[in-house]
Amino acid sequence: MLTVAKPHLEAVVVVEGRRDAARVREAAEVDVFVLGGDALTPEKIAALRRLARVRDVVVLTDPDRVGEKLRRALDRMVPGLLHAYLPPEAAKKNGRYGVEHARPEAIRAALGHLRKAERKGPPALSWQAYVDLGLAFHPEASFRRARVAARLGIGTAGAKAFYERLNLFCIPEAAVRAALGSDAREGGPPSGAGGPEGKEADRR
């Protein structure tokens, strides 16, 4: 049987639990920091801040609401973090989502598309352009966001959260349009239906 050599990563990967850590170590030779749950204690944050000063630190949380909440909290409290995302369908088992359910190749793919949050300057993508590309207020908005997420390696989300994520990583309209491919020519309505805080944006 042909085995795939595990790549070596210099970065430290942050995961939620020990089973997640075991799965990541199956995919790559890498040091892992286990949060041990969703409670971010001052001790954990202090340890991650020290770690981030000397090594790259990659956040790989579960592709669910709890994992996304953890990711946002970590990014606020620990400067300089990198982010890796697993597509929800690659980490699902029996209706539950988790890094522990992902195959090694899916984890390697996620670790091969690292992003760093940037917060300076105006939004790289306007809400109007986002709507025009059919990523909100469109019958296939969820499908379109999933396509962009997969091609850019940033994980999918609801309309408002995905818009914020694109701008968090300073991804410009041209890159989003390229990720959509031919679908970019069949976007949303010609004029914006409200701002990103609209309720409809969260539903689709």
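Trainee: Are Arg71 and Glu68 buried or exposed?
Mentor: In this predicted model, the side chains of Arg71 and Glu68 meet in a salt bridge of 3.9 Å, N to O. Buried means under 20% relative accessible area. By that cut-off, both Arg71 and Glu68 are buried.

Trainee: How many helical turns separate Arg71 and Glu68?
Mentor: Arg71 and Glu68 both lie in helix α3, residues 65-77. Because they are three residues apart there, the separation is about one helical turn.

Trainee: Which residues are linked with Arg71 in a network of salt bridges?
Mentor: A search of the whole structure finds seven salt bridges. The one between Arg71 and Glu68 belongs to a network. Linked with Arg71 there are Glu68 and Arg165.

Trainee: How many residues apart in sequence are the parts tied together by Arg19 and Glu100?
Mentor: The side chains of Arg19 and Glu100 meet in a salt bridge at 3.5 Å, N to O. Arg19 is in helix α1 (residues 18-27), and Glu100 is in the loop between β6 (96-97) and α4 (104-111), so the pair ties together parts whose separation is 81 residues.

Trainee: Which elements of the chain hold Asp31 and Arg55?
Mentor: Asp31 and Arg55 form a salt bridge through their side chains, 2.9 Å from N to O. The pair links distant parts of the chain, 24 residues apart. Asp31 is in strand β2, and Arg55 is in the loop between α2 and β3.

Trainee: Which are the edge strands of the open sheet?
Mentor: The sheet has five strands in the order β2-β1-β3-β4-β7, with mixed pairing. An edge strand pairs on one side only, and this holds for β2 (29-34) and β7.

Trainee: Which strands does helix α2 touch?
Mentor: Helix α2 (residues 42-54) packs on the sheet, and its direction makes about 150° with that of β2. Two of the strands in contact with α2 run parallel and are joined by three bridges: β1 (residues 8-15) and β3 (residues 57-59). The full set touched by α2 is β1, β2 and β3.

Trainee: Why do the buried residues of α6 lie on the same side of the helix?
Mentor: The buried residues of α6 are Ala141, Arg144, Arg145, Val148, Ala149 and Leu152. An α-helix has 3.6 residues a turn, so residues three or four places apart point the same way. The buried residues of α6 are on the same side because they cover an arc of only 135°.

Methods: Residues are numbered from 1 along each chain as its sequence is written. This is a predicted model: local features need pLDDT of at least 70, side-chain atom pairs count only at pLDDT 80 or more; totals for chains, interfaces and linings use all residues. Side-chain values use heavy atoms; hydrogens and water are left out. Buried means under 20% relative accessible area, exposed over 50%, partly exposed in between (1.4 Å probe, protein chains only). Helices (H or I, at least four residues) and strands (E, at least two) are DSSP runs, numbered from the N terminus. The arc is that of the directions from the helix axis to the C-beta atoms. Two strands pair if DSSP finds at least two bridges between them. Contact means heavy atoms within 4.5 Å. Axes are lines fitted to C-alpha atoms, for helices over the stretch in contact, and angles run from 0 to 180 degrees between N-to-C directions. A salt bridge is a side-chain nitrogen of Lys or Arg within 4 Å of a carboxyl oxygen of Asp or Glu.
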